[in-house]
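Notebook open, coffee at hand. I want to look through this structure piece by piece and jot down what turns up.

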Amino acid sequence: MKIFIAGKGKELNSQIDDRFARCNYFVTYDTEKKDITGFEENQYKDGTGGVGVKVANYIINNGYSVVIGPEPGPNSANILKEAGIKIYVNHGHIQDAVEAFLKENG
Amino acid sequence: MKIAIASGKGGTGKTIVSTSISMSVNNAVYVDMDVEEPNGAIFIKPEISREIRYTVPIPEFYEDKCIYCRKCEESCVYNAISIIPQAKKILFFEELCHSCGVCKYVCPVEQAIIEKPKAIGTIRIGEKNGLKFIDGILDVGIPSSVPLLSGMKKYIPNDEIVIIDSPPGASCPVVEVVKDSDFVLLVTEPTPFGLNDLDIALDIVKDMEKPHAIIVNKSENNNNLAREFAEKRGEYIAMEIPFDRKIAENYSKGIPLLTEEYKIRFKKLVEDIREGKL
């Protein structure tokens, strides 16, 4: 299962970003490989408008099942909810957030 | 000739200047384009003869016709559309839409997207003692006034003297108004805030190469801030209106500056602008 993480950095010990759609990195964590399997610099970060929609669209079209990040804005939250993607809000380190998620979801 | 009354900072006196000028000269047209809070009507008290609900087209999506190809979503530069193939859902974010029509243009399916009119404001046309009056009232909750401003322009007659009450600030709405004007009067007050915003507004007006002059409102003899600013920037102060309690009291009752003295001064100002003396 692929988890989308809104990262300030791209490593396991990086912080989760303070902003959802305007985060620095889209980090992918694979629950089978138990590691970060990829990252992408957020090219939409400095967009003038509709960034929340853009990033939520990116998430639903790139096969993610779960999102970990700060509270998303209303537009992102709405799209992710309609697409059936669960959001786990966390403000700590990526590693701790992933462990907390795995513990909660077996 | 179109004369725009702009300012930068809000509350410097655009409306009192523009209504007073309009009521001082003969056969003028007064256009209130400060559509987020139009208040020229309070001073002019026009008889409204026509009200037009102004609409822009926005798309309506039909999930039963959609093939979820996401072409519209990918083409929308304003990110106003979310197509969710896995849930067969379409989310449209109206407040992000700019009515460009590209979604309908790229859609390969007929009738999946139909454009519907959406009202964004009201344009009113009226008259008072030979003075033609037009104003725009943006609906509450509409994020951009620019479409209504561009729509209003169709109703502005090509008369000899058109006085346009511009929105405050120094962003898109001001640019939309100033770009079609022949002359810009910038109303300021002699305070650091007034001059800071005037400085920005001047940059826009100069960038658009519009002839312009400054009016200092709430002017005091012993306050040289605006005069020094104008000298430093090489700008011309066409008029100073004193900081006078009587003017403010009248203003609060909806009475503009219409003493004989001011009527003569405003007439002269418009004459000078038309003769290219400013």
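**Entry 1: domains of chain B.** What distance separates the centres of domain 1 of chain B and domain 2 of chain B, taken over C-alpha atoms? I got 40 Å for that separation. A reminder to myself before going on: this is a predicted model. I also noted the bounds in the domain assignment of chain B, with domain 1 covering 2-55 + 120-274 and domain 2 covering 63-111.

**Entry 2: the largest pocket.** Next I turned to pockets, and the largest has a volume of about 580 Å³. I found 29 residues lining the largest pocket, and the closest to its centre are Y78(B), E95(B), L96(B), C97(B) and H98(B). Which elements give two or more residues to this lining? Chain A contributes through α1 (51-60), while chain B does so through β3 (47-61), β6 (113-128), α5 (146-152) and α6 (172-178). I checked the domains here too: domain 1 and domain 2 of chain B each provide at least three residues of the lining of the largest pocket. By residue type, I sorted this lining into 15 nonpolar, nine polar and five charged residues.

**Entry 3: the second largest pocket.** I then looked up the second largest pocket, with a volume of about 350 Å³. Its lining has 19 residues, and G11(B), T12(B), G13(B), N217(B) and Y251(B) are the closest to its centre. In chain B, α1 (14-24), β10 (212-219) and α9 (245-252) supply at least two lining residues each. The lining of the second largest pocket divides into seven nonpolar, seven polar and five charged residues.

**Entry 4: helix α1 of chain A.** Since α1(A) came up at the largest pocket, I went back to see how covered this helix is. Is α1(A) largely enclosed or exposed? The helix is largely enclosed by the rest of the structure, because nine of its ten residues are buried. I listed the buried ones as V51(A), G52(A), V53(A), V55(A), A56(A), N57(A), Y58(A), I59(A) and I60(A).

**Entry 5: aromatic rings.** Y58(A) turned up again when I looked at rings, as a member of one aromatic cluster with F4(A), F20(A), F26(A), Y44(A) and Y64(A). Over all chains, I have eleven aromatic pairs in the structure. I picked F4(A) and F20(A) for a closer look: their ring centres are 6.3 Å apart and the planes stand at 55 degrees, so the pair counts as tilted. F4(A) sits in strand β1 (residues 2-7) of chain A and F20(A) in the loop between β1 and β2 (25-30), so the pair ties together parts that are 16 residues apart in sequence. Both F4(A) and F20(A) are buried.

**Entry 6: strand β7 of chain B.** Last stop for today was strand β7 (residues 131-138) of chain B, which is mostly covered, with six of its eight residues buried. Which way do β6(B) and β7(B) run, parallel or antiparallel? They run antiparallel, and eight bridges join them. I noted G136(B) as the bridge partner of I123(B). These two strands form a hairpin with two residues between them, and N129(B) in the turn has a positive phi of about 45 degrees. Strand β2 (residues 28-32) of chain B runs parallel to β7(B), joined by four bridges. In β7(B), I134(B) is the bridge partner of V31(B).

Conventions: Residues are numbered from 1 along each chain as its sequence is written. Chains are lettered from A and ligands numbered from 1 in the order in which they are written. This is a predicted model: local features need pLDDT of at least 70, side-chain atom pairs count only at pLDDT 80 or more; totals for chains, interfaces and linings use all residues. Side-chain values use heavy atoms; hydrogens and water are left out. On a 1 Å grid over the protein atoms alone, a cavity is a set of points where a 1.4 Å probe fits but cannot get out, and a pocket is an open set with protein on both sides within 12 Å along at least five of seven lines; lining residues have an atom within 4 Å of a point. Grid points are joined across faces, edges and corners, and a volume is the space filled by probe spheres set on the points. Ala, Val, Leu, Ile, Met, Phe, Trp, Tyr, Cys and Pro count as nonpolar, Asp, Glu, Lys and Arg as charged, and the others, Gly among them, as polar. Domain bounds come from an automatic or database domain assignment. Buried means under 20% relative accessible area, exposed over 50%, partly exposed in between (1.4 Å probe, protein chains only). Two strands pair if DSSP finds at least two bridges between them. Rings of Phe, Tyr and Trp (its six-membered ring) pair if their centres lie within 6.5 Å; planes under 30 degrees apart count as stacked, over 60 as edge-to-face and the rest as tilted.
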